[in-house]
Structures are given as C-alpha cells and as structure tokens.
Amino acid sequence: MKTFQNFIAGQWVAPATGEYFENVNPADRSDVVGRFPLSGTEDVNRAVASAKRGFAQWSRVAAPARGDVLRRVGDLLTQRKAELADLMTREMGKPLRETSGDVQEGIDTAYYAATMGRQLSGRTVPSELANKWAMSFRQPIGVAGIITPFNFPLAIPTWKMFPALVCGNACVFKPAEDVPHTGAVLVEIMLEAGLPPEVIQLVHGAGEVGRAIVEHPDVPVVSFTGSTETGRMVGETCGRMHKRLSLEMGGKNAMIVWEDADLDLALEGVLWGAFGTTGQRCTATSRLVLHDRVHDEFLSRLVDAARGLTLGDGRKKGTDVGPLIHEDSRKKVERYVDIGQAVGADLLCGGRRAAGKSLDDGFFFEPTIFARVRAGQRIEQEEIFGPVLSVLRTSSVDEAFAINNGVKYGLSSSLYTRDVNLAFRAMNELANGITYVNAPTIGAEAHLPFGGVKQTGNGHREGGWEVYEFYSETKVGYVDFSGRLQRAQIDNYLGTPD
Ligand code: NAD
C-alpha cells in the first residue's frame, strides 16, 4: 500500500505526529487507496511559516506571470484528465462522467485564472481637486487557508486556490480527509507547472488540521467549503481574529415543476439533480414541488425511472449512481428515512441499503423518494446529503415559492415552466444565490459567481471576477501634483471664498 506525505516547506514530508489514516474506495472498502498523514498543529505551524516565505517571493511576481503558471496548470490538468477522473472516482465514488466534469471545472478555472492575471484592475477616477489623481488597485493579502469538502475533490480546491494564487497569495491547503489523493495530485501538478514550492503547502488530516489553520495568526484569509455546522465554528474563530473569510456551506434546494412544464425535460432534470453524485452535492435537488395537475403522472414516471437507475462502482460502464462517501453518511441517510416515515410521509421507493453481489462491499443506498411531504417537516428542512428526494404539491405559485424560501439555506433553486413571466418572477423572488429555469438545481460555470444566501454563505462568492475581490486587498492611491496643500472637501476646483 502506498504511503503519501504532506508537502511542506518545499518537501514531501512525513507528519510530525507520525500518524496516518487509510483512505478507502467507498464502492469497495477492501480497496485501500493509500495511507495519508493524520497531521497535527505542528505540521500546520511549519506549513504557515514556509508559506510566509513563499508569499514574500510570489507576491512580487507580476500578476500576468502568475497567470501564466495557472495556464500551464490548465494544460497539465487537460493532459491528465482521464487519469485524474479515474483516481477521483476510486476515492470518492461518483461515476467517471461526473469526475471528468469535476476535472474540467478545474481546467476552466485555471484558464480563466490565467486571463485574470492581466485583468486585476482597480479604478482611476477624476479627483475632486485639480492636478491630483485618484486611483485604486489590488494587492495580495498573505497566506490563504484553504479548507475543502469531499464532494468536488478537484473543482472546489481549484475555485479557491487558483484565484488566490493569481492575486499573489500563498496557500495552505487541507483537502477533505475522504479525498486526499486528488488533493495530492493537484499539488504535484501545480508544482510541475512551475509554482514556486513554498507558495503551496499541503497538509493532510482531519478537522483538527482545519482548525489549526483557521486559528493560526499568520493566516489572514480563510476560504472554507463544507457543512453549515463546521462553517459556523470557522466563522466564530475568524470573527474573533478579524480574518477575511469566505464560507460556502449547506443547501436544501428545490425544483418546482409547473403545470405547463415540459415533463420529459423535467424528469431528466430531477433524476440528475436528486441522484447525481448520490445526492451529495451542495446543490442537490432534495425537494420537488409539483403542480397539482401534473403531480400524479410525473411522480409515477419519476418513481419508475428512479427504480431503473443502476447503482455500482463509478468506474464501471453503465453505472448511474455510485456509493455514499462512508458508513456514517449511510447511517445518517437511514436516520432521515426513519424520520420521514415517522411523520407519515409516503416512502415510494428506496429507503434502504442497496444489496447485491457487487454492492455489498460499498456504502450504497437506494435512490429514495418520499411523497406527501409537508413544508416544515425535518426531511423537508434539513440537509440529508444523500439520495433522498422529498415531494410536495401545490397549485399556488405563492405557496410553491414560499416552500422554496422556507428553509434556512439559500443556495440554488429551479423552475420548469414555459411561461416567461413566471420564469422571470422566479428569478426575482426565489431566495437563492442561483436560480435555474428549465434546468436542475446544479451546474456552475467558472466565469460566473457561485454561492448562496442565508445560512449557505456569508456574502462572498466563488468563481467569476467576484472571487478575485475576495483574495485581494483594495488599496487607494492619491497623487497630488499641484505643488500646494489642497484640502479634500474644503478646497474645490473653484477655490474657497476666503
Ligand atoms: P465538513 O464540514 O464535514 O468538512 C469540510 C472540511 O472542513 C473538511 O476538510 C474537514 O476536515 C474540515 N473541518 C472539519 N472540522 C473542522 C474545524 N473544526 N475547523 C476547520 N475545518 C474543519 O463537510 P463535508 O462533509 O466534507 O462536505 C459536505 C458539506 O459541504 C455539505 O454540507 C455541503 O452542502 C457542503 N458543500 C457546500 C458547497 C457550496 O459551495 N456551498 C459545495 C460543496 C459542499
């Protein structure tokens, strides 16, 4: 079995703790991907000290040249796309077409970052005083702490690190403990592309490593994606320590299928939205609101289609749905099935561990649909993070929108309709960071911002140019070349009356 190491101070090194954990394939727990460091605070301290040196060097490199390194990262990711997708499926479980998409998102993010190296613009505006210039520009911040979840093992780290690097920061990266292999190969690629070694540090381990990064006084900027519960703890520490923080957290996303919808399209959309990535997406469709008039027909087609999905190893051809990430997730999903049944929701399909020859060794769970769910019930309110869909019904637009908006999360929403007025109304009134029309609740493009409102986020966004605002400090410069004292708000260009 291969033993992997941290990358600290320009070297692949063993953790100071001397401890390791095993990373297993969730589709077959007898397949061990490797041993990875179970690091501790001492490893984080060394990584941050080195990253400070990396920052001193990298922040002086011109931004277009920093962008060029990211372009080479994009080239290498492209060359190694199939290999990366394969190793990602092995440690995370989602089918190859999804892990290929995950790598492609990293490639898109790299090429976008490369262009941003030439666009880190500020503003030059007219000064209110004569012979004076007024302008703003961007500066790097320092060492960025990057803490990521398991469900997009490559895309999410790239969303964070690539803009952080183009802005001139150094990164201390802690990938989720369930997907350390993808994180390690990503760092190898970044180094091969020419990133100076001390600019990137990789520290494997559990939540303790994340906490040590967040609490380190020399990490002024933290970007975290994960559960709302963990994000709250991260936020408390960062608030106390006056750190800049981006939080991307949980979701409870609804798809609304209206009476005039193209039902074939909506059916494909809900299957992909609810059961893709085995429901383990922040943007997963976990609630379906059906118009009364289409409810019965659509639901019966949906249940048939869900029963027809093929569960299995994501590396096998024909697999639609892979396993859950680990046994604890499966137990959590089981608990929610019990909770749904206890309140009288109709379990129409699934609701149990998937059994069968090739499934017994993995953390598989059958695609599950509950009907007759009511707004406010726990399965309708809480993030389950598994293949469980709750179906509600109504014939009132106001009620459908209220159901969508009646949860503590606000990531994405979706409406299937042919009514253009209703579509635009939905974009205005659904309380989410992203609203899709005639598409499921998932799917992000690198050049638009991604993130949610309410307890999904804290106002920042990944992606788009917006994330470059997050990773850079705005500095303002005034140059007065009048040769005399000009007092802002007192001496204007007409001169003062005295
Ligand atoms: P998680 O919160 O368990 O872990 C996320 C990361 O935080 C991991 O690397 C973990 O080791 C680390 N961590 C754990 N405790 C910590 C602590 N005290 N301090 C600092 N770091 C700590 O989340 P997960 O199970 O890996 O991912 C699933 C969650 O992520 C879901 O809630 C999902 O909705 C969310 N998510 C959100 C988005 C988004 O963009 N909004 C995207 C993907 C996933």
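Start with the salt bridges: a search of the whole structure finds 27 of them. Keep in mind that this is a predicted model.

**Stop 1: Arg301 and Asp264**

Select Arg301 and Asp264. Their side chains form a salt bridge, 2.7 Å from N to O. Now colour the two helices. Arg301 belongs to helix α10, residues 292–307, and Asp264 to helix α9, residues 263–275. The partners are 37 residues apart, and the pair links distant parts of the chain. Switch on a surface. Arg301 is partly exposed, at 29% relative accessible area. Asp264 is also partly exposed, with a relative accessibility of 47%.

**Stop 2: Arg393 and Asp292**

Stay on helix α10 and select Asp292. Add Arg393, found in strand β16, residues 388–394. The two side chains meet in a salt bridge of 2.8 Å, N to O. Here the link spans 101 residues of sequence. How accessible is Arg393? Its relative accessibility is 40%, so Arg393 counts as partly exposed. Asp292 counts as partly exposed as well, at 31%.

**Stop 3: Arg393 and Asp296**

Keep Arg393 selected and add Asp296. A salt bridge joins these side chains too, at 3.6 Å from N to O. Arg393 sits in strand β16 and Asp296 in helix α10, so this pair ties together parts that lie 97 residues apart in sequence. Is Asp296 buried or exposed? Asp296 is exposed, because its relative accessible area is 54% and the exposed class begins over 50%.

**Stop 4: a network**

Next, select Glu327, Arg330, Glu334 and Arg353. These residues are linked in a network of salt bridges. Show their side chains together to follow the links.

**Stop 5: the largest nonpolar core**

Hide the charged side chains and go to the largest nonpolar core, which has 68 residues. Which members touch the most other members? Select Leu77, Met161, Phe162, Met190, Ile200 and Tyr471. In soluble globular proteins, nonpolar side chains tend to be buried together.

Centre on Ile200. Leaving aside residues up to four places away in sequence, Ile200 touches Phe7, Met161, Cys171, Phe173, Val187, Met190, Leu191 and Leu195. Met161 and Met190 are on this contact list, and both are also among the core members that touch the most others.

**Stop 6: another core**

Apart from the largest core lies another, of 31 residues. To find this core, select some of its members, including Val257, Leu263, Ala266 and Cys349. Leu263 also takes you back to helix α9, residues 263–275, where Asp264 of the opening stop is found.

Terms used: Residues numbered from 1 in each chain as written. Predicted model: local features only at pLDDT ≥ 70, side-chain atom pairs only at ≥ 80, totals over all residues. Heavy atoms only, no water. Core = buried A, V, L, I, M, F, W, Y, C linked by side-chain atoms within 4.5 Å. Buried < 20%, exposed > 50% of the residue type's maximum accessible area, 1.4 Å probe, protein only. Contact = heavy atoms within 4.5 Å. Salt bridge = Lys/Arg side-chain N within 4 Å of Asp/Glu carboxyl O. Helix = DSSP H or I, 4+ residues; strand = E, 2+ residues; numbered from the N terminus.
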